[in-house]
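User: Please take a close look at a single part of this model. Then show me how that part fits with the rest.

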Amino acid sequence: MFPLVCEILLIAKRRPQVTKMSAYSAKIPDEMGHIAYSEEEDGVWRDLYAVQELPVHRHMAEPYLRGLKVLDLPHDRVPQCNEVSDRLRDLTGWQVAPVPALIGFGRFFGMLADKTFPAASFIRSRKDFDYIEEPDIFHEIFGHTPLLADPRIARVSQAIGKAGLKAEAKDYSWLIRLYWFSIEFGLLQQGQGVKALGSGLASSPTELAYSVSSEVPERREFNLLDVLRTPYRIDIHQPVYFVIQSIEELEEMSERDLLADVRVAQSMGLFAPTYPEKAAS
């Protein structure tokens, strides 16, 4: 998520010392914080929202759906970060700040610790409509902000940010695995079934239904140490998801010493990957 080519959030999740330029250019807000999106960009948002609206109501968990309802995001245009922030501040004290696609770990964790979600300011092109590796404004706003409208999930996000501020560089990828398998791609036990919770699922036209209904992926019970030890790839549908038993179970992480948990996980080592290695380009 930044114009600085440094350790970046998504690439470092897989390979901590790799850097990568974004394929997209940042949209810069004016002095009032407003970003001018084109009719084409508003159209991409409109069509993404239309594609996702029915699947999220069918497959997403109640905490996400409550957040989506209370935020009342526009259907026909890209929302402005300041208008979403106005609603979030009243609900949980959080705000959304527009940033380009790639930012370093330190800034990412620092913003979470300060109850500020960094939202990549561009929206994907039509060619990336179904899947985009790096986060765009649809993923950030449609995927993340409904979760941040829930005080319990917001506390977990802040706790991961605070842990990140105390972490060493060698710890970053471990903490990000926790974020990945809960906030980004977590599942939630709801009644007798499993629903999607994570923002990466809410904003994905292809992975949402796959995550909860396909027989292909493995769904494991959420265990903090197992989560920290599970590697993943960002460019495929996940072969493994973790099922959180309740939001209260997730919220308990905000009271833990997450860096102590990281140290234990590091002493145990990573599990073997459940996916093939990515072919060299």
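Analyst:
**Helix 6 and its surroundings**

Start with helix 6, residues 137-148. All 12 of its 12 residues are buried, so the helix is largely enclosed by the rest of the structure. Buried means under 20% relative accessible area, exposed means over 50%, and partly exposed lies in between (1.4 Å probe, protein chains only). Helices (H or I, at least four residues) and strands (E, at least two) are DSSP runs, numbered from the N terminus. The model is predicted, so local features need pLDDT of at least 70 and side-chain atom pairs pLDDT 80 or more, while totals for chains, interfaces and linings use all residues. Residues are numbered from 1 along each chain as its sequence is written, and side-chain values use heavy atoms, without hydrogens or water.

Which residues of helix 6 are buried? The list opens with Ile137, Phe138, His139, Glu140, Ile141 and Phe142. It continues with Gly143, His144, Thr145, Pro146, Leu147 and Leu148.

Now see what touches this helix. Tyr64 is in contact (heavy atoms within 4.5 Å) with Phe142, Gly143, Pro146 and Leu147, among others. Those four are also among the buried residues of helix 6. Val56 and Ala202 are further contacts of Tyr64, leaving aside its neighbours within four places in sequence.

Tyr64 matters for the next step, the core. The largest nonpolar core has 81 residues, and Tyr64, Leu178 and Leu197 touch the most other members. Such a core is a set of buried Ala, Val, Leu, Ile, Met, Phe, Trp, Tyr and Cys residues joined through side-chain atoms within 4.5 Å. Helix 8 (residues 172-184) gives this core its largest share, 9 residues.

Strand 2, residues 116-120, makes a good parallel case. Here 5 of the 5 residues are buried, so strand 2 is largely enclosed too. Both faces are covered. Thr116, Pro118 and Ala120 are buried on one side, and Phe117 and Ala119 on the other. Strand 2 runs parallel to strand 1 (residues 95-99), joined by 5 bridges. Strands pair if DSSP finds at least two bridges between them. One bridge links Gln95 to Thr116.

Just before strand 2, the picture changes. Asp114 sits in the loop between helix 5 (105-113) and strand 2. Is Asp114 buried or exposed? Asp114 is exposed, at 55% relative accessible area. Its C-alpha atom is 31 Å from that of Pro205, which is 91 residues away along the chain. Lys115 lies in this loop between helix 5 and strand 2 as well. Lys115 counts as partly exposed, at 29% relative accessibility. Lys115 is not a glycine, yet its phi is positive, about 60 degrees. Asp72 is not a glycine either, and has a positive phi of about 50 degrees. Asp72 lies in the loop between helix 3 (62-71) and helix 4 (81-92), and is exposed at 52%.

Elsewhere, 4 strands form an open, mixed sheet in the order 4-3-6-5. Strand 4 (193-196) and strand 5 (218-221) are its edges, each pairing on one side only. Strand 3 (residues 187-190) pairs with strand 4 in the antiparallel sense over 4 bridges. Leu188 has Lys195 of strand 4 as its bridge partner.

Finally, step back to the whole chain. It holds 13 helices and 6 strands. Its C-alpha atoms fill a box of roughly 50 × 45 × 40 Å along the principal axes. Buried residues make up 55% of its 281 residues. Of the contacts with a separation of 6 or more, 70% join residues 24 or more positions apart.
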